[in-house]
Amino acid sequence: AFALPSIIKIYSSESAGDFSKLIIAEINKYYPQIKATTTNIPGKSTIRLHIKKNSSDNSDEGYSLKIDHEGIDISAKTPNGIFYGIQTLNSLISASEKQIVPCCNIKDWPSLQVRGAYFNIINMSSSGIHYLKKLISLMANLKMNTIVLEFGDNFPFKKQKFNRKEVLTRAEIKDIVRYAQKRYIKVIPYM
């Protein structure tokens, strides 16, 4: 088993992106006393993230997660795969007790290219955005990658004006799309 130290050092290869804030936010849900720093030295780190372009993974969203007594390694072909590996790590941490994570070697990739959900937001107002973002976060935890949002005739087009009440503004929709994209979820509008 691997004991999470009080200070976690996170190494991320340049092409892997910066997931350190995401990792520590997830760890702090369960162990708020743990702090994190980033490092440029892979061997001196607790969590190591690597992009391996010529990996034999079956998918661009596949990843490898290895936990041993020396630390945690997540590798993938793309940042999407790194993100999904972090989701699996989060599941293991949430099920752990006393900051102890089981040793394992996981190779995972999706069987389906499109994994998602449909939501009817025809009558959603600004107050519902918080709940929609919570659903998007849950979808990300479940490694879903697509959300279809039905706007009906409430989509705020730039050039066309309809004789109706716009429920969400263009800025709010852009905010939702950015939020989803940070979690590797594609938003598909349905009118």
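## Ground rules

Exposed means a relative accessible area over 50%, buried means under 20%, and partly exposed lies in between. The structure is a predicted model.

## An aromatic cluster

How many aromatic pairs does a search of the whole structure find? The search finds 4. In the pair of phenylalanine 83 and tyrosine 84, the ring centres are 5.8 Å apart and the planes stand at 75°. Planes over 60 degrees apart count as edge-to-face, so this pair is edge-to-face. Phenylalanine 83 is buried, at 3% relative accessible area. Tyrosine 84 is also buried, at 1% relative accessibility.

Phenylalanine 83 pairs with tyrosine 184 as well. Here the ring centres are 5.1 Å apart and the planes meet at 45°, so the pair is tilted. Phenylalanine 83 sits in helix α2 (residues 79-94), while tyrosine 184 sits in the loop between α4 (170-182) and β11 (186-190). The pair therefore ties together parts that are 101 residues apart in sequence. Tyrosine 184 is partly exposed, with a relative accessible area of 24%. Its phi is positive, near 60°, in a residue other than glycine. One aromatic cluster takes in Phe19, Phe83, Tyr84 and Tyr184.

## Arginines over rings

Two arginines lie over tyrosine faces. Arginine 115 is placed over the face of tyrosine 84, 5.5 Å from the ring centre. Tyrosine 84 is thus described twice: it belongs to the aromatic cluster, and it has arginine 115 over its face. Arginine 183 lies over the face of tyrosine 179, at 3.5 Å from the ring centre.

## The nonpolar core

The largest nonpolar core holds 43 residues. Which of its residues touch the most other members? They are Leu4, Ile47 and Ile72. Helix α2 gives this core its largest share, 6 residues.

Isoleucine 47 has a long contact list, leaving out residues up to four places away in sequence. It touches Ile8, Lys9, Ile10, Tyr11, Ile23, Ile27, Ile72 and Leu89. Two of these partners, Ile23 and Ile27, are also among the buried residues of α1.

## Helix α1

Helix α1 spans residues 20-30. Its buried residues are Ser20, Ile23, Ile24, Glu26 and Ile27. Viewed down the helix axis, these fall within an arc of 160°, so they line one face of α1. Lys21 and Lys29 are exposed on the other side.

What do the buried residues of α1 pack against? Their partners are the strands β2 (7-12), β3 (35-39) and β4 (47-51), together with helix α2.

## Helix α3

Helix α3 covers residues 129-141, 13 residues in total. At 1.5 Å a residue, the helix should span 18 Å. The end C-alpha atoms are 18 Å apart, which agrees.

Ile129, Leu132, Lys133, Ile136, Met139 and Ala140 are the buried residues of α3. Seen down the axis, they fall within an arc of 115°, so they line one face of the helix. On the other side, Tyr131 and Lys134 are exposed. The cover over the buried residues includes α2, β9 (116-120), β10 (146-150) and α4. After α3 comes lysine 143, with a positive phi near 65°.

## Around the end of α2

Leucine 92 is a residue of helix α2. Its C-alpha atom is separated by 7.7 Å from that of proline 102, which is 10 residues away along the chain. Leucine 92 touches Leu65, Ile67, Val101, Pro102, Cys104 and Ile106, with residues up to four places away in sequence left out.

Glutamine 99 lies in the loop between α2 and β7 (100-101). Is glutamine 99 buried or exposed? At 17% relative accessibility, this residue counts as buried. Phi of glutamine 99 is positive, near 65°, in a residue other than glycine.

Definitions and conventions. Residues are numbered from 1 along each chain as its sequence is written. This is a predicted model: local features need pLDDT of at least 70, side-chain atom pairs count only at pLDDT 80 or more; totals for chains, interfaces and linings use all residues. Side-chain values use heavy atoms; hydrogens and water are left out. Rings of Phe, Tyr and Trp (its six-membered ring) pair if their centres lie within 6.5 Å; planes under 30 degrees apart count as stacked, over 60 as edge-to-face and the rest as tilted. Buried means under 20% relative accessible area, exposed over 50%, partly exposed in between (1.4 Å probe, protein chains only). Helices (H or I, at least four residues) and strands (E, at least two) are DSSP runs, numbered from the N terminus. A charge sits over a ring if NZ of Lys or CZ of Arg is within 6 Å of the ring centre and within 35 degrees of the ring normal. A nonpolar core is a set of buried Ala, Val, Leu, Ile, Met, Phe, Trp, Tyr and Cys residues joined through side-chain atoms within 4.5 Å. Contact means heavy atoms within 4.5 Å. The expected span of a helix is 1.5 Å times one less than its number of residues. The arc is that of the directions from the helix axis to the C-beta atoms.
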